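Welcome, and please open your viewer before reading on. We will go from one selection to the next, with a short stop at each.

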Amino acid sequence: MTATVEAKTEGTEGKVGAVPTFTVTLRIARYDPEVDSEQHWESYQVTAHATDRVLDALHQIKWEQDGSLSFRRSCAHGVCGSDAMRINGKNRLACKTLIKDVNPDKPITVEPIKGLPVEKDLIVDMEPFFDAYREVMPFLITTGNEPTRERIQSQQDRDRFDDTTKCILCAACTTSCPVFWNDGQYFGPAAIVNAHRFIFDSRDEGGSQRLEVLNDKEGVWRCRTTFNCTDACPRGIQVTQAIQEVKRALLTSRF
Ligand code: SF4
Ligand code: FES
């Protein structure tokens with residue numbers, strides 16, 4: 001831990017096993033459409049433990065200092081994908097980011113993810129993101145008869161799209177993409193990842209429909225291979241690789 005650890009033990013002084021704490025400043029982008037004409041910054045000091053995450057600090061601020069602070073979160077364990085935000089300029093999940101890992105010696109900046117309209121504080125309107133997701137038809141498409149048992153698939157076939165099944169739709173990838181920032185019409189990496197998940201599924205028969213959707217001028221060809229998406233993905237999905245595979249499938253129509 002790089003933070004200055006103060007000899008402070010949260011009222012447990014003298015007790016065996018007291019956990020050391022440190023003080024950290026969070027600089028948070030605030031915006032309330034009912035009173036603010038534009039976004040502004042507010043700073044808060046919190047007392048944190050080495051095991052605390054940025055989400056814990058946000059909770060502490062909301063519950064103990066300023067109940068008007070607004071942000072989304074649900075599972076608090078990296079599963080639901082609802083608390084993606086820009087922390088020190090990088091898209092991350094607040095519930096998966098330890099305070100001690102983001103240089104708490106300096107104020108930690110927390111902003112909403114970029115490229116989507118801000119509704120309040122750290123909450124953005126996710127509808128444009130989900131519109132693109134819906135357009136790629138992220139569900140199994142088949143034309144044959146209803147099966148009487150499960151659709152069998154070899155391990156090798158399953159492996160083909162394993163990586164892209166891990167997406168939790170947090171939007172960290174799409175909102176780290178400079179093409180998306182400049183033009184919100186671009187489908188964005190997350191939609192392509194979720195198209196990939198079905199295009200390369202041997203049981204699915206809608207691959208060519210999805211490829212047609214992604215062949216659009218706002219589709220997969222807008223990707224400039226900056227790798228921001230891969231760096232941002234909290235699930236470690238090889239997002240850029242998935243996009244390249246979809247491009248290749250379009251060129252060869254082999255999928
Ligand atoms: S690909 Fe990764 S970063 Fe993008 S939405 Fe899915 S989980 Fe989030
Ligand atoms: S709160 Fe669910 S992923 Fe962070």
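Start with the ligand. Select ligand 1 and the 16 residues around it; Cys167, Cys170, Cys173, Ala190 and Cys233 are the ones that come nearest. Keep in mind as you look that this is a predicted model.

Now colour that shell by residue class. What do you find around ligand 1? The shell divides into 14 nonpolar residues, one polar and one charged. Which element gives the most to the shell around ligand 1? That is α5, with three residues.

This makes α5 a handy place to go next. Select residues 189–199 to show helix α5, and add residues 127–135 for helix α2. The two helices pack with their axes 8 Å apart, at an angle of about 25°. Angles under 35 degrees count as roughly parallel, so α2 and α5 are roughly parallel to each other. Their crossing is right-handed.

Turn on side chains for this pair. On the α2 side, pick Phe129, Ala132, Tyr133 and Glu135; they meet Ala190, Ala191 and Asn194 in α5. By class, this contact of α2 with α5 has five nonpolar residues, one polar and one charged. You have seen Ala190 before: that residue is also among those that come nearest to ligand 1.

Keep α5 on screen, hide α2, and select residues 207–214, which form helix α6. How do the axes of α5 and α6 cross? They come within 9 Å and cross at roughly 155°. Because angles over 145 degrees count as roughly antiparallel, α5 is roughly antiparallel to α6. The crossing of α5 and α6 is left-handed, whereas that of α2 and α5 is right-handed.

For the side chains here, select Ile192, Ala195, Phe198 and Ile199 in α5, then Gly207, Arg210, Leu211 and Leu214 in α6, which they meet. This contact has six nonpolar residues, one polar and one charged.

Finally, zoom out to the whole protein chain. In cartoon view, you can look for eight helices and seven strands. The C-alpha atoms fill a box of roughly 70 × 45 × 30 Å along the principal axes. If you colour by burial, 38% of the 255 residues count as buried. Contacts make a good last stop: among those between residues at least 6 apart in sequence, 63% join residues at least 24 apart.

How values were computed: Residues numbered from 1 in each chain as written. Chains lettered and ligands numbered in written order. Predicted model: local features only at pLDDT ≥ 70, side-chain atom pairs only at ≥ 80, totals over all residues. Axes fitted to C-alpha atoms, helices over the stretch in contact; angles between N-to-C directions. Helix = DSSP H or I, 4+ residues; strand = E, 2+ residues; numbered from the N terminus. Parallel < 35°, antiparallel > 145°, perpendicular 65-115°, else oblique. Left-handed = near helix turned anticlockwise from the far one by under 90°. Contact = placed C-beta atoms within 7 Å. Nonpolar A, V, L, I, M, F, W, Y, C, P; charged D, E, K, R; others polar. Near = placed C-beta within 6 Å. Buried ≥ 20, exposed ≤ 12 C-beta atoms within 10 Å, placed from the backbone.
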